[in-house]
Each structure stands twice: as structure tokens, then as C-alpha cells.
Amino acid sequence: MNTENTYSGNCFCGAVEFTVTGDPVAMGYCHCSDCRHWSAGPINAFTLWTPDTVKVTRGADNIRTYNKTGRSARKWCAACGGHLFTEHPHWNLIDIYTATIPDYPFRPGVHVHYGESVHRMQDGVLKLRDLPREMGGSGISMPG
């Protein structure tokens with residue numbers, strides 16, 4: 001019997017639907033310029049999931065991809081342009097945009113790329129200049 005929770009998500013218009021099951025590997029806020037530009041906001045709230053926990057349940061034929069670099073495949077809906085998620089093949093993780101899974105209990109644990117921040121936050125959450133060491137970053141923390 002599976003006791004893990006499953007949460008549903010979708011694009012802006014609902015043409016693409018997906019589920020995530022269990023818990024993400026990490027969740028927090030990204031301040032890098034690529035995420036800021038892609039999300040059209042000063043900060044991007046993320047949840048990182050292993051590919052086996054993410055399932056597109058409707059509208060896979062509406063998903064399009066934009067690759068600025070080989071490190072991220074940004075997915076969006078062709079019907080409405082709504083952002084869905086970003087695949088990070090070098091980490092074998094999928095970044096599901098927090099706003100697309102509204103019932104998931106988002107509990108940010110880290111700010112990444114805080115050295116690029118354009119919006120400082122005083123929230124008591126760890127702030128890293130770039131990324132954790134285990135993800136190829138310096139692991140250096142910064143004051144809020």
C-alpha cells in the first residue's frame with residue numbers, strides 16, 4: 001500500500017496536467033538571472049523532484065521545450081504559454097514551479113544564487129551565494 005501523498009498540478013489554462021508523488025529532494029528560492037527572466041519575477045520558488053516522482057497525466061502533446069543551455073530544459077504549454085517545469089539532466093532532477101502545484105505544502109529550505117539577488121529577503125532561511133557544494137556550487141552562505 002502506497003502511503004505517499006500525490007499532488008496535482010497544471011499549466012495556466014489546464015491543457016497540461018501532471019502529478020508529483022512523495023516529497024521533493026529540495027525546495028527553496030532561486031535568485032539567478034535565468035530563473036528571474038524565465039519567471040518574469042524577482043525570485044523563482046522551486047521544488048526539485050526525481051523524474052520517477054513526476055508524471056504528466058494530460059496534454060503531453062502540448063508541452064514545448066526551450067534550452068538556453070544544456071543544463072536546463074524549460075518546459076511550457078503551447079496552448080497558453082504557462083510555465084510547467086525545468087528538467088536538469090546533470091542533476092537528474094526536475095524543478096516543478098511551486099505555483100503550479102497549489103496544494104503542495106511549500107516549505108523553503110534554502111535560497112540559491114543569492115549573490116545575484118535583486119530582492120533581499122529577511123526570512124531566516126539559509127542563503128547561498130550560488131549552489132550547495134554537492135550540486136557543484138561553493139556552498140558559501142551569505143547574510144540576508
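**Rings in a predicted model**

Visitor: Why is Tyr29 called buried?

Guide: This is a predicted model, by the way. Tyr29 has a relative accessible area of 17%, and buried means under 20%, so Tyr29 makes the cut.

Visitor: And what makes Phe106 partly exposed?

Guide: Phe106 comes in at 23% relative accessibility. Partly exposed runs between the 20% and 50% cut-offs, so that's the label Phe106 gets.

Visitor: How many aromatic pairs are there?

Guide: Five. One of them joins Tyr29 and Phe106.

Visitor: What makes the pair of Tyr29 and Phe106 edge-to-face?

Guide: The ring centres are 5.6 Å apart, and a pair needs them within 6.5 Å. The planes stand at 80°, and over 60 degrees counts as edge-to-face, so the name fits.

Visitor: Why say that this pair ties parts together?

Guide: Because Tyr29 is in strand S3 while Phe106 is in the loop between strands S9 and S10, 77 residues apart in sequence.

Visitor: How do you know that Trp38 and Tyr66 are stacked?

Guide: Their planes are at 10°, with centres 6.2 Å apart. Under 30 degrees counts as stacked, so there you go. Trp38 belongs to helix H1 and Tyr66 to strand S6, so this pair links parts 28 residues apart in sequence. Tyr66 is partly exposed, at 42%.

Visitor: Which residue has its charged end over the ring of Tyr114?

Guide: Lys127, 5.7 Å from the ring centre; the distance cut-off is 6 Å.

Key
Residues are numbered from 1 along each chain as its sequence is written. This is a predicted model: local features need pLDDT of at least 70, side-chain atom pairs count only at pLDDT 80 or more; totals for chains, interfaces and linings use all residues. Side-chain values use heavy atoms; hydrogens and water are left out. Rings of Phe, Tyr and Trp (its six-membered ring) pair if their centres lie within 6.5 Å; planes under 30 degrees apart count as stacked, over 60 as edge-to-face and the rest as tilted. Helices (H or I, at least four residues) and strands (E, at least two) are DSSP runs, numbered from the N terminus. Buried means under 20% relative accessible area, exposed over 50%, partly exposed in between (1.4 Å probe, protein chains only). A charge sits over a ring if NZ of Lys or CZ of Arg is within 6 Å of the ring centre and within 35 degrees of the ring normal.
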